[in-house]
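Student: I am new to this structure and should like to learn how its descriptions are justified. May we go through them one at a time?

Tutor: Certainly; please look at the sequence and the model first.

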Amino acid sequence: VKRTFYKGTIKMIYIPNYKETKDICHGIKMNDEQAIKIMADFFLNQNIFNDECFLIPVPNHNGYAEYTRKIAELMAQQSKARVLDILKCKPHESLYEQKLKKRKLNLEIFKIGNIPKGKIFLIDNVIATGKTIFECNKALGIYTVPLAMGKVNWEKFVKRTLKKKKN
């Protein structure tokens, strides 16, 4: 089951939360090739990618896109989309750990390359609060279409994004 959510200019494609999604998202973080293939295949089956599409993998807490880059590369191999590994971040404690410790979420993402004209998709395994996607969009200077296997608090993400978009 696929869900597409629209709120103004915000669009996201994801699989609703269920146990299998959680397991896949965890597997992706552990570099499980089968989980990575499941996610890539899910998005490829949406038949939305062409030669005007660019896949930007989201960096993880160590500063670089690793498993998200693998997903994007697998998707690019099987479609006409191209991978742009142009986002990095300052290494930090994972946002999950920061939330557990009830800390203010600390995340600094920056762009290291140019964005060509085309449809831009952010590749991540899960969207929880939306902080990572918001910071990626801020660094890129555009609003992108996030592609993720699962989401946690979409309503909070939309409210935060729309509020900050007005500022």
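Student: Why is asparagine 50 called partly exposed?

Tutor: Its relative accessible area is 24%. Partly exposed covers values between the buried limit of 20% and the exposed limit of 50%, so asparagine 50 belongs to that class. Please keep in mind that this is a predicted model.

Student: Where does asparagine 50 lie, and what is it in contact with?

Tutor: Asparagine 50 is in the loop between H2 and S3. Apart from neighbours within four places in sequence, its contacts are Lys80, Ala81 and Lys119. Its C-alpha atom is also 9.6 Å from that of alanine 76, although 26 residues of chain separate the two.

Student: What makes the pairing of asparagine 50 with glutamate 52 a polar contact?

Tutor: A polar atom of the asparagine 50 side chain lies 2.7 Å from the backbone nitrogen of glutamate 52. The limit for a polar contact is 3.5 Å, and the pair is within it.

Student: Asparagine 47 is in that loop between H2 and S3 as well. Why is asparagine 47 called exposed?

Tutor: Its relative accessible area is 67%, and exposed means over 50%; therefore asparagine 47 is exposed. Its phi is near 50°, a positive value in a residue other than glycine.

Student: What is the phi of asparagine 31, and how is its accessibility classed?

Tutor: Asparagine 31, in the loop between H1 and H2, has a phi near 60°, again positive in a residue other than glycine. At 31% relative accessibility it counts as partly exposed, because this value falls between 20% and 50%.

Student: How do you know that the length of H2 agrees with what is expected of it?

Tutor: H2 has 12 residues, and at 1.5 Å a residue they should span 16 Å. The C-alpha atoms at its ends are 16 Å apart, so the two values agree. At the start of H2, a side-chain oxygen of aspartate 32 comes to within 2.8 Å of the backbone nitrogen of glutamine 34.

Student: Which residues of H2 are buried, and what does H2 give to the largest nonpolar core?

Tutor: Ala35, Ile36, Met39, Ala40, Phe42, Phe43 and Leu44 are buried in H2. The largest nonpolar core has 24 residues, and Ile28, Phe49, Leu55, Ile71, Met75, Ile123 and Leu147 have the most contacts inside it. The elements giving two or more residues to this core include helix H1, helix H3, strand S7 and strand S9. H2 supplies its largest share, 7 residues. A second, separate core of 16 residues includes Cys89, Leu107, Cys136 and Leu140.

Student: What is isoleucine 123 in contact with, beyond its neighbours within four places in sequence?

Tutor: Among the contacts of isoleucine 123 are Met39, Leu55, Ile71, Met75 and Leu147.

Student: What makes S7 and S9 a pair of strands?

Tutor: Two strands pair if at least two bridges are found between them. S7 and S9 are joined by 3 bridges, so they pair, and they run parallel. Valine 145 in S9 is the bridge partner of phenylalanine 121. From S9, Val145 and Leu147 point one way, while Pro146 and Ala148 point the other way; all are buried.

Student: Why is threonine 144 called buried?

Tutor: Its relative accessibility is 9%, and buried means under 20%; hence the term applies to threonine 144. Threonine 144 lies in the loop between helix H5 and S9. Its side chain makes a polar contact of 2.7 Å with the side chain of asparagine 137.

Student: What makes H5 a mostly covered helix?

Tutor: Of its 10 residues, 8 are buried, including Ile133, Phe134, Cys136, Asn137 and Leu140. Just after H5, glycine 141 takes a positive phi of about 80°.

Student: Finally, why is glutamate 73 called partly exposed?

Tutor: Glutamate 73, in helix H3, has a relative accessible area of 36%. That is between 20% and 50%, so partly exposed is the right term.

Conventions. Residues numbered from 1 in each chain as written. Predicted model: local features only at pLDDT ≥ 70, side-chain atom pairs only at ≥ 80, totals over all residues. Heavy atoms only, no water. Core = buried A, V, L, I, M, F, W, Y, C linked by side-chain atoms within 4.5 Å. Buried < 20%, exposed > 50% of the residue type's maximum accessible area, 1.4 Å probe, protein only. Helix = DSSP H or I, 4+ residues; strand = E, 2+ residues; numbered from the N terminus. Contact = heavy atoms within 4.5 Å. Polar contact = N/O pair within 3.5 Å; in protein donor to acceptor, adjacent residues only side chain to side chain. Expected span 1.5 Å × (residues − 1).
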